[in-house]
Amino acid sequence: DWDRNILLIQTGKQQILIDTGVGTDLYLPPALLIDRLRTVNVTPSTIDVVILSHADFDHIGGTMDENGNLAFPNARHVLPRKEWDFWSRKPERLKPSDAYNEEFRQMAQTISQTRLAQLRDKLELIETEVDVVQGIHIIAAPGHTPGYTIISISSGDKKVIFIGDLIYDPKDIENPDWYSVFDFDPEQVMV
């Protein structure tokens with residue numbers, strides 16, 4: 001299930017989605033985000049803001065439907081400018097590794113590049129250390145990708161930090177020198 005790093009925030013005024021999973025047309029088995037939203041009576045057209053923590057395929061793939069249309073047609077779509085700049089250079093996102101095969105490596109690259117091209121005129125590029133909406137703050141956390149961000153969500157005296165791909169396994173906390181094979185700049189991750 002590739003739709004595990006997604007968060008729906010309902011503020012009472014807005015519905016905000018952090019990341020969108022892989023989408024329905026790009027990976028087997030197909031993503032379940034739209035079905036899961038419907039189980040809580042949320043339709044794609046009622047999402048007000050889509051915040052993309054970064055542009056890896058499993059976070060940005062679900063921004064478009066199988067016909068190449070916006071999956072969340074009424075939403076404001078935001079992405080950190082540094083992430084856009086990184087992907088615009090068409091980097092080799094994943095180096096060859098024994099941890100994944102070449103087909104996966106190419107798919108991950110292609111999906112991200114395709115989605116960014118499709119979103120080009122619809123994205124609002126943002127800086128970090130800003131509020132996207134009241135109570136939702138974008139924090140730079142480069143390393144997984146150069147423009148990677150975590151998102152702080154606060155309401156009154158309560159706060160939650162959405163970390164996405166910052167930590168893959170609880171053992172990472174116990175061993176801060178460990179990093180993921182998917183981290184673009186492991187040295188920066190461990191800072």
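Helices and strands are taken here as DSSP runs, with strands being E runs of at least two residues, numbered from the N terminus. With that numbering in hand, strand 8 turns out to be the element that gives the most to the lining of the largest pocket, with 3 residues. The model discussed here is a predicted one, and the pocket is a pleasant place to start a walk through it.

The largest pocket has a volume of about 240 Å³. It is lined by 13 residues, of which Ile 9, Thr 11, Gln 134, Gly 135 and Ser 154 are the closest to its centre. Two elements, strand 1 (7–10) and strand 8 (149–155), give two or more residues each to this lining. In terms of residue class, the lining of the largest pocket has 6 nonpolar, 6 polar and 1 charged residues.

Stepping back to the overall architecture, the protein has 6 helices and 9 strands. Of its 191 residues, 46% are buried. Among contacts with a separation of 6 or more, 63% join residues that are 24 or more positions apart. The protein exposes about 10200 Å², and carbon and sulfur atoms supply 51% of that area.

The interior can be described through its nonpolar cores. The largest nonpolar core has 23 residues, and the members that touch the most others are Leu 17, Phe 72 and Leu 116. Helix 1 (33–39), helix 3 and helix 4 are the elements that give two or more residues to this core. Apart from it lies another core, of 14 residues, which includes Ile 18, Val 132, Ile 136 and Ile 138. Leu 17 offers a good view of its own surroundings: once neighbours within four places in sequence are set aside, Leu 17 is in contact with Ile 6, Leu 7, Leu 8, Leu 33, Leu 37, Ile 47, Val 49, Val 50, Ile 51 and Phe 72.

Phe 72 appears again in the surroundings of Pro 44, which touches Ile 34, Arg 38, Ala 71, Phe 72 and Pro 73 when residues up to four places away in sequence are not counted. Pro 44 is found in the loop between helix 1 and strand 3. Its relative accessible area is 12%, so Pro 44 is buried, the cut-off for that term being under 20%. The C-alpha atoms of Pro 44 and Ala 71 are separated by 6.4 Å, although the two residues are 27 residues apart along the chain.

A return to strand 8 brings in Ile 150, which is found in that strand. Ile 150 counts as buried because its relative accessibility is 13%. Not counting residues up to four places away in sequence, Ile 150 touches His 137, Ile 138, Ile 139, Ala 141, Ile 161, Phe 162, Ile 163 and Leu 166; one of these, Ile 138, is also listed in the core of 14 residues. A further pairing links Ile 150 with His 54, 96 residues apart along the chain, with their C-alpha atoms separated by 9.2 Å.

Two aspartates in loops are also worth a look. Asp 56 lies in the loop between strand 3 (49–51) and helix 2 (57–60), and with 8% relative accessibility Asp 56 counts as buried. Leaving aside neighbours within four places in sequence, Asp 56 is in contact with Trp 87, Arg 93, Ser 112, His 144, Thr 145 and Asp 165. Asp 183 lies in the loop between helix 5 (171–174) and helix 6 (186–189), and Asp 183 is buried, with a relative accessible area of 8%. Arg 93, one of the contacts of Asp 56, is paired with Asp 183 as well: their C-alpha atoms are separated by 9.0 Å, with the two positions 90 residues apart along the chain.

The backbone holds two points of interest. Most residues other than glycine have a negative phi. Lys 90, which is not a glycine, has a positive phi near 50°. Lys 90 lies in the loop between helix 3 (81–88) and helix 4 (102–119) and counts as exposed because its relative accessibility is 60%. Glu 129 likewise has a positive phi, of about 60°, although it is not a glycine. The place of Glu 129 is in the loop between strand 5 (123–126) and strand 6 (130–133), where Glu 129 is partly exposed, with a relative accessible area of 45%.

How values were computed: Residues are numbered from 1 along each chain as its sequence is written. This is a predicted model: local features need pLDDT of at least 70, side-chain atom pairs count only at pLDDT 80 or more; totals for chains, interfaces and linings use all residues. Side-chain values use heavy atoms; hydrogens and water are left out. Helices (H or I, at least four residues) and strands (E, at least two) are DSSP runs, numbered from the N terminus. Buried means under 20% relative accessible area, exposed over 50%, partly exposed in between (1.4 Å probe, protein chains only). Contact means heavy atoms within 4.5 Å. Accessible areas come from the Shrake-Rupley method with a 1.4 Å probe; for residues, only the protein chains shown count as cover. On a 1 Å grid over the protein atoms alone, a cavity is a set of points where a 1.4 Å probe fits but cannot get out, and a pocket is an open set with protein on both sides within 12 Å along at least five of seven lines; lining residues have an atom within 4 Å of a point. Grid points are joined across faces, edges and corners, and a volume is the space filled by probe spheres set on the points. Ala, Val, Leu, Ile, Met, Phe, Trp, Tyr, Cys and Pro count as nonpolar, Asp, Glu, Lys and Arg as charged, and the others, Gly among them, as polar. A nonpolar core is a set of buried Ala, Val, Leu, Ile, Met, Phe, Trp, Tyr and Cys residues joined through side-chain atoms within 4.5 Å.
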